[in-house]
Amino acid sequence: MRENTSAGSPPGLRIRDLRVSFDGFTAVDGVSLDVPPGDLRFLIGPNGAGKTTLVDAVTGLVKATGSAHFAGQELLGRPVHRIARLGIGRTFQTATVFEELTVLQNLDIAAGAGRGPLTLLRRRKGIPEEVERALETIGLARLRDRPAGILAHGQKQWLEIGMLLVQDVKLLLLDEPVAGMSHDEREATGRLLELISEDRTVVVIEHDMDFMRSFARSVCVLHAGSVLSEGTVAQVQADPKVQEVYLGRARDEATGVTEATGVPAQAQEA
Ligand code: ADP
Ligand code: MG
């Protein structure tokens, strides 16, 4: 069954009462959330909130109960490769590119993931169109013949995103893609995410509040395995529950009021 995909709008993700337990410890505790088609959703929350586990559940890496629908299909209970075949791709907190191979070879392998080995071995003239396009999108066209191992940290993350683009992934789940990046790399990544979410659905796990404020279209805050708050950046930042557990410092910046004393920061400094 196919839904929406042919109409040009990317499918969304619908999660209901998702639960993941490890030996009696509940890491994801009944999460329900909707990521509409074309969203650029940020998933934030303190360390251990269950963000990575949620993505693991949706991509078939850990067992979960509840439901996760994408393009009219239930994802839970399916093997990893079948979920990938539905057009769902993810990155991990550490980049997993082939360091010895060139940028182009990495993209080529990703693009050929669904092709037979003979097609892959055959020497091709020219570069497949989707690979060319991805190289431009991720800004690595000039570096295409360099081994991926010598790329800067940010560039490796972009290459990983490119490897999802050449597979024409419709839902990208990115686990802390800007961790360890410089300010300029973060900005470039934010613009890249804006660009790819024009015709795909993107979920970004993130810690960096400045980055979230600059680029999130919507935000979901996870805390202790549950959804604490959802909405726009402004709505989430204004939510007292969020300020209490997570955004205390962001609130200082936004309102000029320090959490500990309730006294305006300027007055305190004076
Ligand atoms: P986040 O990505 O929000 O930092 P995680 O999803 O990685 O959090 O982890 C959520 C909780 O689940 C943490 O307490 C973590 O220790 C626990 N956890 C994650 N994976 C496993 C696992 N494979 N076995 C046992 N506990 C795990
Ligand atoms: Mg994590």
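**A ligand shell and two sheets**

Colleague: Which residue of β2 stands opposite F22?

Modeller: F25 stands opposite F22. This is a predicted model: local features need pLDDT of at least 70 and side-chain atom pairs 80 or more, while totals for chains, interfaces and linings use all residues. Residues count from 1 along each chain as its sequence is written, chains are lettered from A and ligands numbered from 1 as written, and side-chain values use heavy atoms, without hydrogens or water.

Colleague: What makes β1 and β2 a pair?

Modeller: A pair needs at least two DSSP bridges between two strands. Strand β1 (residues 13–22) and β2 have eight, in the antiparallel sense. The pair therefore qualifies. A strand itself is a DSSP run of E with at least two residues, and a helix a run of H or I with at least four; both are numbered from the N terminus.

Colleague: How do you know that β4 and β5 pair?

Modeller: They share two bridges, antiparallel. H69 has E74 in β5 as its bridge partner. The two strands form a hairpin with two residues between them, and A71 in the turn has a positive phi of about 50°. Five bridges join β4 to β1, again antiparallel, and R19 has T65 in β4 as its partner.

Colleague: What is the strand order of that sheet?

Modeller: β2-β1-β4-β5, an open antiparallel sheet of four strands. β2 and β5 (73–74) are the edges, each pairing on one side only. α1 packs on this sheet, touching β1, β2 and β4 (65–70), with its direction at about 110° to that of β1. Touching means heavy atoms within 4.5 Å. The angle, on a scale from 0 to 180 degrees, is taken between N-to-C directions of lines fitted to C-alpha atoms, for helices over the stretch in contact.

Colleague: Which residues make up the shell around ligand 1?

Modeller: F22, F25, A27, P46, N47, G48, A49, G50, K51, T52 and T53. Each has a heavy atom within 4 Å of the ligand. α1 gives the largest share, three residues. By class there are five nonpolar, five polar and one charged residues. K51 is the charged one, because Lys counts as charged.

Colleague: How do you know that N47 makes a polar contact with ligand 1?

Modeller: The cut-off is a pair of N or O atoms within 3.5 Å. An N or O atom in the N47 side chain is 3.5 Å from a ligand oxygen. It therefore counts, right at the limit. A polar backbone atom of G48 is 2.8 Å from a ligand oxygen, and a polar side-chain atom of T52 is 2.9 Å from one. The protein buries 60% of the 560 Å² that ligand 1 exposes when taken alone, by the Shrake-Rupley method with a 1.4 Å probe. Two elements give two or more residues to the shell: β2 (25–35) and α1 (51–58).

Colleague: Why are β6 and β10 called edges?

Modeller: Their sheet is open, with six strands in the order β6-β7-β8-β3-β9-β10 and mixed pairing. β6 (88–91) and β10 (226–231) each have a single partner strand, so one side of each has no neighbour in the sheet. Neighbouring strands here are turned by 15° on average, direction ignored.

Colleague: In which sense do β7 and β8 pair?

Modeller: Parallel, over five bridges, between β7 (residues 171–175) and β8 (residues 201–205). L172 stands opposite V202 in β8. Helix α7 (residues 183–196) packs on this sheet, touching β3 (40–44), β7 and β8, at about 150° to the direction of β8.

Methods: A polar contact is a pair of N or O atoms within 3.5 Å; within protein, one must be able to donate a hydrogen and the other to accept it, and residues adjacent in sequence count only if both atoms are side-chain atoms.
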